[in-house]
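Here is a walk through a multi-chain model, one piece at a time. Keep the viewer open and follow along.

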Amino acid sequence: MTRDIALIDVLDRLLEGGVVLTGDLTLAIADVDLVRISLRALICPVEATREAAQP
Amino acid sequence: MTGEPARAASHRFATEPETVERDLARLALTIVELLRQLMERQAVHRVERGDLTADEEERIGTTLMLLDDRMTHLLERFGLTRDELNLDLGPLGTLLPND
Amino acid sequence: MTGARYVYAIGRPLDPAGLAGLRGIDGAQVHQVAHRDLVAVVSAAPHDEAALRARLERLDELAVVARAHHAVVAAVAALTVVAPFRLATIYQHEHRVCELLRDRHQRFEALLDRLAGTVELGVKLYMEDSPPAPAPAAAGGSGRAYLRQLSQRHRRRDTEWQHAASTAERVDTTLGAHALDRNHHRLQPAHLSGVSGRNVLNAAYLVSTARVSEFAELASRLAKDEPAMRVEVTGPWAPYSFAEPDGGQRP
């Protein structure tokens, strides 16, 4: 696979597809997290996770 | 990475006053734009139903025209484009339609 | 998180030579954890959990992690059947990964059997932008005329949209009938994908490896009949969209 694969297509699959398991996971991306970190939420910037001021 | 808009890299905000003001403007104008679009849709719906008098059509049409004009000026004032006005609601999609 | 393992996929046992030099998140060496005839493809997870979580909330860093994850999945998929994992699945210790394989053995077996010899193809349909209607005349025009123009614009957009939606449904149904399974992703807004036109279908199809070109050709053919439609076929992908252990979403 080359770098010509669009990020949005990769994220469609990695954030909403794939095997999902609960249990011993320390960083499972739950649905709530998807809203925060999904590509769409990040690009439309009016959301809760604003960056702290840079040091 | 092909296919990614240039804006993608700049989604993080500095906390300079102008940026904060611009972001607040973007949020406020998004809401105003939502209302404007709803009013527009409602007006068009009534025109198509034919239940407006000529006078009402004139008044409503003029109001919408002025509203749109006002919005254009506000956008210019804050250096925003209409495309930038939107809110993402995650699984619910975006607040405003994307066309 | 010393000893923690980032899991990329479940698969069949691999010749270790196939994994030599394969690097994952943060350049960690990829290896396999085996239990009977199943393996989990893993690497040492990044040490700082909080930092990783923060990274995943920044688009530029999320992209790096996502592409690293995808690169590992793609490399392994070229060697054996895999059930790819969603982003950022981490277990505290390697023995927990073994337990996972043991506890879910039957379901993973069934999943791999179902996915063997298949790949995922993505099909995206775009409705080309029609030339923008001239903005209704502003100052000077009558309110009534403005309203009429708005009405025309709305009606035209509705018709275009209805047509696009029914075409999308037709293409999706036809392709679905030629695939082993199908699934849908969210439509991609133009300002995110950076391409022209409006995305009206964003679907994934599970297809046997032998029928990939035939399927791709069918997708092109279906879109060609529609003058204002553009089709984009992506893949072959490892079967991300069909990795439900309890069966796919065959409509």
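## Chain A and its helices

Chain A has three helices and zero strands. Going along the sequence, that gives the pattern α-α-α. This is a predicted model, so take everything below as computed from it. Of the 55 residues in chain A, 42% are buried.

## Where chain A meets chain C

Look at helix 1 (residues 7–16) of chain A and helix 2 (residues 59–77) of chain C. Their axes come within 10 Å and cross at roughly 70 degrees. Angles of 65 to 115 degrees count as roughly perpendicular, so helix 1 of chain A and helix 2 of chain C fall in that class.

Which residues make this contact? On the side of helix 1 of chain A they are A:L7, A:V10, A:L11 and A:L14, and on the side of helix 2 of chain C they are C:A63, C:A66, C:R67, C:H69 and C:H70. Sorted by type, the contact residues come out as six nonpolar, two polar and one charged. As background, an α-helix has 3.6 residues a turn, so residues three or four places apart point the same way.

## A helix in chain B

Over in chain B, helix 2 (residues 54–78) has 25 residues, which at 1.5 Å a residue should span 36 Å. The C-alpha atoms at its ends are indeed 36 Å apart, so the two values agree. Buried residues in helix 2 of chain B are B:E57, B:I60, B:G61, B:L64 and B:M65. Just after helix 2 of chain B comes B:G79, with a positive phi near 65 degrees.

## Strands 1 to 3 of chain C

Now for chain C. Strand 3 (residues 38–44) of chain C has seven of its seven residues buried, so the rest of the structure largely encloses it. Strand 1 (residues 5–11) of chain C runs antiparallel to strand 3 of chain C, and six bridges join the two. One pair to click on is C:R5, whose bridge partner in strand 3 is C:A44.

Strand 2 (residues 30–35) of chain C also pairs with strand 3 of chain C, antiparallel and over six bridges. Here C:A34 sits opposite C:V39 of strand 3. Strands 2 and 3 of chain C form a hairpin with two residues between them, and C:R36 in that turn has a positive phi of about 50 degrees.

## The four-stranded sheet of chain C

Further along chain C, four strands build an open sheet in the order 6-7-5-8, with antiparallel pairing. Which strands stand at the edges? They are strand 6 (181–184) and strand 8 (229–237) of chain C; each has a single partner strand, so one side of each has no neighbour in the sheet. On average, neighbouring strands of this sheet are turned by 20 degrees against each other, direction ignored.

Strand 7 (198–208) of chain C is mostly covered, with 10 of its 11 residues buried. Strand 7 of chain C pairs with strand 5 of chain C over 10 antiparallel bridges, and C:V123 has C:A203 of strand 7 as its bridge partner. Four bridges join strand 7 of chain C to strand 6 of chain C, again antiparallel; C:D181 is matched with C:L206 there. Strand 5 (residues 118–127) of chain C also pairs antiparallel with strand 8 of chain C, through seven bridges, and C:G122 stands opposite C:T234.

## Helices on the sheet

Helix 7 (residues 212–224) of chain C packs on the sheet, touching strands 5, 7 and 8 of chain C, and its direction makes about 165 degrees with that of strand 8. Helix 5 (residues 143–177) of chain C lies across strands 5, 6, 7 and 8 of chain C, running at about 5 degrees to strand 7.

## Backbone oddities in chain C

Most residues other than glycine have a negative phi, and most peptide bonds are trans. Against that background, the peptide bond from C:G235 to C:P236 is cis, with omega near 5 degrees. C:P236 belongs to strand 8 of chain C.

Two more residues are worth a click. C:D26 is not a glycine, yet has a positive phi of about 55 degrees; it is in the loop between strand 1 and strand 2 of chain C. C:A88, also not a glycine, has a positive phi of about 65 degrees and is in strand 4 (residues 82–91) of chain C.

Are these two buried or partly exposed? C:D26 is partly exposed, with 16 other C-beta atoms within 10 Å. C:A88 has 26 such atoms within 10 Å and is buried, since the cut-off for buried is 20 or more.

Definitions and conventions: Residues are numbered from 1 along each chain as its sequence is written. Chains are lettered from A and ligands numbered from 1 in the order in which they are written. This is a predicted model: local features need pLDDT of at least 70, side-chain atom pairs count only at pLDDT 80 or more; totals for chains, interfaces and linings use all residues. A residue is buried if 20 or more other C-beta atoms lie within 10 Å of its own, exposed if 12 or fewer, and partly exposed in between; C-beta atoms are placed from the backbone. Two strands pair if DSSP finds at least two bridges between them. Axes are lines fitted to C-alpha atoms, for helices over the stretch in contact, and angles run from 0 to 180 degrees between N-to-C directions. Angles under 35 degrees count as roughly parallel, over 145 as roughly antiparallel, 65 to 115 as roughly perpendicular and the rest as oblique. Two residues are in contact if their C-beta atoms, placed from the backbone, lie within 7 Å. Ala, Val, Leu, Ile, Met, Phe, Trp, Tyr, Cys and Pro count as nonpolar, Asp, Glu, Lys and Arg as charged, and the others, Gly among them, as polar. The expected span of a helix is 1.5 Å times one less than its number of residues.
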